[in-house]
Amino acid sequence: ITRGEGQVLAVESGNMLVDLAPPDGQKDVSVRLGPAFTGTEVRDALEFIKFNDFKNVLEYAAVSTQLNTRVRTTVVSVIDRDTIPGKQIAFYGAFALKDPANIVIVPVILEVRD
């Protein structure tokens, strides 16, 4: 789980490229805009969701699907991809550290600041 603030440099391949504060004009992280949300980052970051609380792996996987659907429909669907570059944002979200040079955050709260 992470949070941050920064400036959107561009939107590429379903991600906002974000320069975190203090600004240096370089991408520090990406924030996922979708439309595809297929990972388990949000589910896995929530300590109160445990694999052993489910009957099987299908039910556990369904939790990720529902969380990703909620992110897509309530968090990122309101973002105008054409006008967001250059704007300041604040976010809370989750990520899996697969590549430290390319961190992609799935936002659960996303604010556009003018």
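# Aromatic cluster, barrel and salt bridges

Phe 51 is partly exposed, with a relative accessible area of 41%. This value comes from a predicted model, as does everything below. Phe 51 belongs to an aromatic cluster, together with Phe 54 and Tyr 60.

## The aromatic cluster

A pair of aromatic rings is described by the distance of the centres and the angle of the planes. The model contains two aromatic pairs. Phe 51 and Tyr 60 are edge-to-face, because their planes stand at 85 degrees, with ring centres 5.1 Å apart. The edge-to-face class begins over 60 degrees. Phe 54 and Tyr 60 make a tilted pair, with 5.6 Å between the centres and 55 degrees between the planes. An angle of 55 degrees falls between the cut-offs of 30 and 60 degrees, so the pair is neither stacked nor edge-to-face.

Tyr 60 takes part in the pair with Phe 51 and in the pair with Phe 54. Is Tyr 60 buried or exposed? At a relative accessible area of 13%, Tyr 60 is buried. Phe 54 is partly exposed, at 25%.

## Barrel and helix 2

In what order do the five strands close into a barrel? The order is 1-2-3-5-4, and the pairing is mixed. On average, neighbouring strands are turned by 55 degrees against each other, direction ignored.

Strand 2 covers residues 15-20, and strand 3 covers residues 29-32. These two strands are antiparallel and share four bridges. One bridge joins Asn 15 to Arg 32 of strand 3.

Helix 2 spans residues 57-76. This helix lies across strand 3 and strand 5, the latter made of residues 104-113. Helix 2 runs at about 15 degrees to strand 5.

## Backbone details in the loops

Ser 13 sits in the loop between strand 1 (2-12) and strand 2. Its phi is near 50 degrees, a positive value in a residue that is not glycine. Ser 13 counts as exposed, at 73% relative accessibility.

The bond from Ala 21 to Pro 22 is a cis peptide bond, with omega near -5 degrees. Pro 22 belongs to the loop between strand 2 and strand 3. Another cis peptide bond joins Gly 34 and Pro 35, with omega at about 25 degrees. Pro 35 lies in the loop between strand 3 and helix 1.

## Salt bridges

Side chains of opposite charge can pair when their charged atoms come close. How many salt bridges does the structure hold? There are three.

Glu 5 pairs with Arg 113, and their closest N and O atoms are 3.1 Å apart. This pair links distant parts of the chain: Glu 5 is in strand 1, Arg 113 is in strand 5, and 108 residues separate them. Arg 113 also forms a salt bridge with Glu 111, at 3.2 Å between the closest N and O atoms. Arg 43 and Asp 44 meet in a salt bridge of 2.9 Å, N to O.

The table gives the exposure of the residues in these bridges.

| Residue | Class | Relative accessibility |
|---|---|---|
| Arg 43 | buried | 9% |
| Asp 44 | partly exposed | 45% |
| Glu 5 | partly exposed | 43% |
| Arg 113 | partly exposed | 34% |
| Glu 111 | partly exposed | 37% |

Shared partners join Glu 5, Glu 111 and Arg 113 into one network.

## A buried glutamate without a salt bridge

Glu 41 lies in helix 1, which comprises residues 41-45. Glu 41 is buried yet has no salt bridge. Which side chain of opposite charge is nearest to Glu 41, and how far away is it? It is Lys 98, at 4.4 Å. A salt bridge requires nitrogen and oxygen within 4 Å, so this pair does not qualify.

Lys 98 is still in contact with Glu 41. Leaving aside neighbours within four places in sequence, the other contacts of Glu 41 are Ala 94, Phe 95, Ala 96 and Val 106.

Conventions. Residues are numbered from 1 along each chain as its sequence is written. This is a predicted model: local features need pLDDT of at least 70, side-chain atom pairs count only at pLDDT 80 or more; totals for chains, interfaces and linings use all residues. Side-chain values use heavy atoms; hydrogens and water are left out. Buried means under 20% relative accessible area, exposed over 50%, partly exposed in between (1.4 Å probe, protein chains only). Lys and Arg count as positive and Asp and Glu as negative; His and the chain ends are not counted. Contact means heavy atoms within 4.5 Å. Two strands pair if DSSP finds at least two bridges between them. Axes are lines fitted to C-alpha atoms, for helices over the stretch in contact, and angles run from 0 to 180 degrees between N-to-C directions. Rings of Phe, Tyr and Trp (its six-membered ring) pair if their centres lie within 6.5 Å; planes under 30 degrees apart count as stacked, over 60 as edge-to-face and the rest as tilted.
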